[in-house]
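Work through the exercises below with the coordinates open. Each task is followed by a solution in steps.

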Amino acid sequence: MHGRGRGGKLLGGRAGWPRRPFFRKIPRFMLTDSPPKAAAVEAANPLLVEVTRGSQVESRHRAAVAVVDTEGRLVLQAGDTDRPVYARSAIKSLQAIALVESGAADAFQVSEPELALACASHSGEPRHVEAVTAWLQRMGLSAADLECGPQLPGYEPALIALLAGGGEGTAAHNNCSGKHSGFLTLARHLGVPTRGYVNYEHPVQQRILGVLEGMTGLDLGGAPRGIDGCSIPVIGIPLGNMALAMARLGHPDDQPEARQEACRRLRRAVAAHPFMVAGSGRFDTRVMEMTGEKALIKTGAEGVYCAAFPELGLGVALKVDDGAGRAAEVLMGRLLAHFGILTEQQAAGLGGLFTTPVLNRAGRHVGEIRPAAQIPF
């Protein structure tokens with residue numbers, strides 16, 4: 001499937017990648033304030049997050065942010081939103097669309113908690129691992145069929161308990177095991193081999209590529225690509241188009257009927273089971289426990305964060321240049337507050353306006369991670 005460009009015109013075939021992104025910039029919302037530099041010098045993204053220690057700023061993080069509506073209008077921008085970015089795990093909800101719209105989820109009786117797991121970067125807690133294991137067993141598969149690789153739990157109490165009991169990390173503990181279980185389910189439903197489902201040429205990944213094209217409005221056949229930490233393909237997508245895809249996830253009215261229903265089901269699943277998406281104490285889980293379907297947020301490796309704000313018809317994508325997750329989380333918190341997704345009381349429960357304390361080993365408050373003074377939102 002190919003995305004549609006302006007005026008509903010179909011983008012070109014898989015032979016090439018469009019030179020211009022689908023979304024349309026509106027000058028009055030442009031938030032960068034530095035003049036253009038010489039063409040030979042790549043403009044730096046603005047400093048949006050700073051880390052203090054004592055009385056001075058110790059570290060600074062540059063980032064780019066795009067907030068786009070369902071019509072492709074860029075309503076808030078900071079930095080370069082045209083540059084292709086690997087979304088990593090921040091778009092797992094988009095990758096899970098194929099699982100639902102294909103009929104695979106219904107054919108294998110995938111439950112709501114399992115749909116949330118398909119969108120997850122979970123912490124490897126017992127509930128996560130048990131759910132993945134049961135899902136695989138229902139298809140006659142096991143953790144040995146997961147091609148994401150083994151991983152120890154990210155949640156420290158679960159890690160300690162596993163090691164104390166003489167256990168070791170398996171592919172079921174991998175934070176991406178829910179997504180991969182969804183890929184295996186899709187492979188079974190399509191009647192294609194389960195082995196090699198992570199490869200770019202495999203029918204499962206090609207099906208997902210088609211979904212991403214439809215949601216981003218781009219022909220991605222010639223886009224930059226690499227291999228993710230869990231072995232699946234990663235595709236370079238401009239932040240603006242990534243945000244457009246998230247806006248469409250929240251408001252998929254221009255998508256085929258089966259995709260519209262898939263988006264609704266995934267949103268409901270994530271809102272009903274936010275623990276399955278991340279885990280104990282995790283930012284994504286804590287926020288979505290408060291917001292329900294008002295916000296679907298998802299972190300990704302290397303400082304990427306995406307979100308859908310369905311009630312506002314907006315999608316969000318951001319990338320921290322140096323890959324710092326601590327900065328990406330602060331920026332997502334700032335955007336949640338900026339767009340009124342959280343009340344002041346809810347924001348206070350998550351750390352005010354999402355300024356994170358820096359603690360030393362003795363637990364003493366020695367600094368903070370905060371939005372930079374010049375942040376434009």
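**Exercise 1.** Which residues in α7 are buried?

Solution. The model is predicted. Take buried to be under 20% relative accessible area. Going along α7, the residues that meet this cut-off are Ser 177, Gly 178, Lys 179, His 180, Ser 181, Gly 182, Phe 183, Leu 184, Thr 185, Leu 186 and Ala 187. That makes eleven of 14 residues, and α7 is mostly covered. Next, look for what does the covering: it includes α1 (92–95), α2 (97–101), α3 (104–107), α4 (112–118), α5 (126–138) and α8.

**Exercise 2.** Compare the expected span of helix α7 with the distance between its end C-alpha atoms.

Solution. Helix α7 has 14 residues, 177–190. The expected span is 1.5 Å times one less than the number of residues, so the helix should span 20 Å. The end C-alpha atoms are 20 Å apart, which agrees. Then step past the end of the helix: α7 is followed by Gly 191, whose phi is positive, near 70°.

**Exercise 3.** Find the cavities and describe the lining of the largest one.

Solution. Start with the count: there are three cavities of 30 Å³ or more. The largest cavity holds about 160 Å³ of space. Its lining consists of 15 residues, and those nearest the centre are Gln 95, Leu 212, Pro 233, Val 234 and Ile 235. Two elements, α8 (203–216) and β7 (233–238), each give two or more residues to this lining. Finally, sort the lining of the largest cavity by class: eleven residues are nonpolar, two are polar and two are charged.

Methods:
Residues are numbered from 1 along each chain as its sequence is written. This is a predicted model: local features need pLDDT of at least 70, side-chain atom pairs count only at pLDDT 80 or more; totals for chains, interfaces and linings use all residues. Side-chain values use heavy atoms; hydrogens and water are left out. On a 1 Å grid over the protein atoms alone, a cavity is a set of points where a 1.4 Å probe fits but cannot get out, and a pocket is an open set with protein on both sides within 12 Å along at least five of seven lines; lining residues have an atom within 4 Å of a point. Grid points are joined across faces, edges and corners, and a volume is the space filled by probe spheres set on the points. Helices (H or I, at least four residues) and strands (E, at least two) are DSSP runs, numbered from the N terminus. Ala, Val, Leu, Ile, Met, Phe, Trp, Tyr, Cys and Pro count as nonpolar, Asp, Glu, Lys and Arg as charged, and the others, Gly among them, as polar. Buried means under 20% relative accessible area, exposed over 50%, partly exposed in between (1.4 Å probe, protein chains only). Contact means heavy atoms within 4.5 Å.
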